[in-house]
Number of protein chains: 4
Amino acid sequence: MLAAAGGASAQEGMRPEMSEFYTPVTTVVAPGTDMQGGGFTAPSDAIVLFDGSDLSAWENSQGGPAEWTVADGVMTVDKSKGDIRTKEKFDNFQLHIEWRVPENIHGEGQARGNSGVYLQGMYELQVLDSYNNSTYVNGQAGSIYKQTAPLVNAMRKPGEWNVYDIIYTAPVFKEDGTYRSFPRVTVIQNGVLVQNNTTIIGTTEYIGFPKVRAHGAGPILLQSHGDPSEPISFRNIWIRKL
Amino acid sequence: MLAAAGGASAQEGMRPEMSEFYTPVTTVVAPGTDMQGGGFTAPSDAIVLFDGSDLSAWENSQGGPAEWTVADGVMTVDKSKGDIRTKEKFDNFQLHIEWRVPENIHGEGQARGNSGVYLQGMYELQVLDSYNNSTYVNGQAGSIYKQTAPLVNAMRKPGEWNVYDIIYTAPVFKEDGTYRSFPRVTVIQNGVLVQNNTTIIGTTEYIGFPKVRAHGAGPILLQSHGDPSEPISFRNIWIRKL
Amino acid sequence: MLAAAGGASAQEGMRPEMSEFYTPVTTVVAPGTDMQGGGFTAPSDAIVLFDGSDLSAWENSQGGPAEWTVADGVMTVDKSKGDIRTKEKFDNFQLHIEWRVPENIHGEGQARGNSGVYLQGMYELQVLDSYNNSTYVNGQAGSIYKQTAPLVNAMRKPGEWNVYDIIYTAPVFKEDGTYRSFPRVTVIQNGVLVQNNTTIIGTTEYIGFPKVRAHGAGPILLQSHGDPSEPISFRNIWIRKL
Amino acid sequence: MLAAAGGASAQEGMRPEMSEFYTPVTTVVAPGTDMQGGGFTAPSDAIVLFDGSDLSAWENSQGGPAEWTVADGVMTVDKSKGDIRTKEKFDNFQLHIEWRVPENIHGEGQARGNSGVYLQGMYELQVLDSYNNSTYVNGQAGSIYKQTAPLVNAMRKPGEWNVYDIIYTAPVFKEDGTYRSFPRVTVIQNGVLVQNNTTIIGTTEYIGFPKVRAHGAGPILLQSHGDPSEPISFRNIWIRKL
């Protein structure tokens, strides 16, 4: 839509805050409980990406071993090791992933439990401690980062597990590299709908307009963000091809 | 789409099985577990339709009291009392509902735990014991009845609770009573996607083609089906307006 | 949606009129004029399918020569020769086609200038003399045959040229042969919108429900209908790949 | 999508060229001819907005008389009088409009026959002499200004009439002022598809990101642009409510 690949020179002078929006303010909704604070385990046709034991389904951004910490059935970001991504690539999928920021998390705004789930390695579903933590609405947890704010703020407090259930429809491209059909995504956080078949209009860009860049199947990428806050953890990750 | 209100005479001779389809066969997927066999409880902005205590949010089809059985935090169909529906009417919503067929269920095909969740009182999301129970694919649990088969068969066995998480987009009508935009629905059963932003093409009809009939907000209706099998139960029902 | 390939036995007893609908009645709109009663000629990037000279872009249903009559810059159906189709196959396209029923046309209902433009060889945009000619609304000119009535009846009278401008989006299929995305079509007849991004729910069937059948690129097929009325003519046919 | 109403301070430092994109380059397509260089005249159910005689259907931006020049069946921008808009407001519609830049047009880029057709007074379909005139692709004729480039460049040369046939679907808003469904538009220029059911992501902004602002029915507005080039003309304007 908006942006094609080019326009580089026109983007000079763009600053990150130009794509940060603060209204309408997102309503806070306290999610319900499930009995143990977790979502569904993998159904029989799912590819298990992380069951608590090891990172064998993952690699780092250079294709080497994924070296985040695994302990007690949980993987935790090691900020010295960078992002990790699945070895397998995906098109259309249903993805389940759970994440938790430490109970003793410090920092504020984007510097508080910042991470992200990149769909097809291109489009970021934001992960952040948005519990009593103010930031731009299209940068809080559940947002399509720098694009679409979540419908509500359905955060659990630090130390508790958050659950994302994601239904993703991959884009189809025309020969000129523009979208024939856009990527779309539905996200349920802790049982509460936060993205409702949202059209993704381009790649996630920290600065400037989303871009349109043709691509095929891509990995699920988990972000190791440089913010100085305590690292976040993930568990119970599985995906089903649609 | 297909059908407008009329065409009554043309529909003579239609039989129910004319809109029953058997292929492609739906793949069976064993759903994952959540720790207690239930889904999320109501978030803070939900309207609780049934929390286990009483049927005060419901009425029967004549607007009188809903008289299904309530015991042990569960409501159970009383087939002598007919359908029940919410007193409140809804447009766009997220609905959570759990249902269970008795462990000792008897019968087969459509005569085995048959019920349904009617969206806006018009469009049936089928409820049926489809665990090791063969029937037409657009009539099994998770189907938009007589329209769209579920993507997979994600049933739990009799005696266990099934969970439906439903995201519903109401239709918009033109002045002539036809759809400007069609109703659409996403359904997750037991954590497994079974309807993916499916377009509903008209009313649920036991015989013949779906019909298009203009309507406004409508209730959630639970079906008391005349099949002779043991009655099914519901629990943990809540809805969020979108 | 509705129908997968099967269900053959269930379809026994289906009669053609079961999928014929008569309401809401389509409003008659007298189209405007263009100065010569014709639409745009082919733009520079179009594939010219018929420019008045010959049928070299066409073949019959067996792959042999297309043997309809060509005279005076116009092709006319030869009912003894059957349907014709383009040799080339298409996916997404913009199609321009003009058609005319003879000034002295006889017959009524479906037996009056009946033909059709089959998109990808599967989905029929109806051609019929619907000028002062009553039939089921989902069978008149501008309908997606036996599915969706035109928004209005924008017919010109016999002897005058009708213009169809068609924008077609091909379906995308999943591996199981069902639609990942449905075919969609916009049709402008004589400058008047008659189909507005209509979802096509399956193949055109004379009897019974539309079917879902996986396919790739397909031809434009023009129907030689067996009705006894005088044969119709076509001119100025061009297509642009999208 | 992107932007809600706010974020004003964040938008400081935005410059117009930040939302101007130059790739992929738009292919030039020479449109076909119709016999007289014009499109269809108004069908019987259309509201005629300009038939060549007077501006009685129009007003200026303050609600006073529209004072552009009318001569020889054509209206021509009077740049001293500002924009004009229809007195009547519209939701969903089909709009036909023809426009012509003078044969002796001077200037280049955006300073060459610049005008625009604002849908519901909010969303600009760009009008510009894009014949052998280079500018950013999302600013050329047929673009949704500063959002989506046309599929191809289907311009006629100065002195000839260009035809826009526009199918517009109005947005539906949620109570918080964000889109429940986005505006969408299809545009055919000179018989060539240039926008194919394009999603409009927000208001047209010269500087910065599109904004989301709730609105109801709105007028068709024709822009009197301040560029110093010779003024453009319009004729044969009609609209049909959908």
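## A buried serine, an open sheet and a pocket

Let's start with C:S115, which sits in strand β8 of chain C, a strand made of residues 115-119. Keep in mind as you look around that this is a predicted model. From that serine we move to a sheet in chain D, and then to a pocket.

**C:S115 and its surroundings**

- Is C:S115 buried or exposed? Its relative accessible area is 0%, and buried means under 20%, so C:S115 counts as buried.
- Beyond its neighbours within four places in sequence, C:S115 touches C:E124, C:Q126 and C:V127.
- The other residues in contact with C:S115 are C:Q223, C:H225, C:I232 and C:F234.

**The sheet in chain D**

- Five strands of chain D form an open sheet, in the order β3-β6-β16-β8-β9, and their pairing is antiparallel.
- At the edges lie β3 (58-60) and β9 (123-127) of chain D, each of which pairs on one side only.
- Inside this order, β8 (residues 115-119) and β16 (residues 221-222) of chain D are joined by 2 bridges in the antiparallel sense.
- Which residue of β16(D) is the bridge partner of D:V117? That partner is D:L222.
- As a general reminder, the strands of a sheet pair through backbone hydrogen bonds, in either a parallel or an antiparallel way.

**The second largest pocket**

- The second largest pocket holds about 370 Å³ of space.
- Its lining is made up of 22 residues, and those nearest its centre are C:V28, C:S130, C:Y131, C:N132 and C:N153.
- Sorted by class, the lining of this pocket comprises 10 nonpolar, 9 polar and 3 charged residues.

How values were computed: Residues are numbered from 1 along each chain as its sequence is written. Chains are lettered from A and ligands numbered from 1 in the order in which they are written. This is a predicted model: local features need pLDDT of at least 70, side-chain atom pairs count only at pLDDT 80 or more; totals for chains, interfaces and linings use all residues. Side-chain values use heavy atoms; hydrogens and water are left out. Two strands pair if DSSP finds at least two bridges between them. Helices (H or I, at least four residues) and strands (E, at least two) are DSSP runs, numbered from the N terminus. Buried means under 20% relative accessible area, exposed over 50%, partly exposed in between (1.4 Å probe, protein chains only). Contact means heavy atoms within 4.5 Å. On a 1 Å grid over the protein atoms alone, a cavity is a set of points where a 1.4 Å probe fits but cannot get out, and a pocket is an open set with protein on both sides within 12 Å along at least five of seven lines; lining residues have an atom within 4 Å of a point. Grid points are joined across faces, edges and corners, and a volume is the space filled by probe spheres set on the points. Ala, Val, Leu, Ile, Met, Phe, Trp, Tyr, Cys and Pro count as nonpolar, Asp, Glu, Lys and Arg as charged, and the others, Gly among them, as polar.
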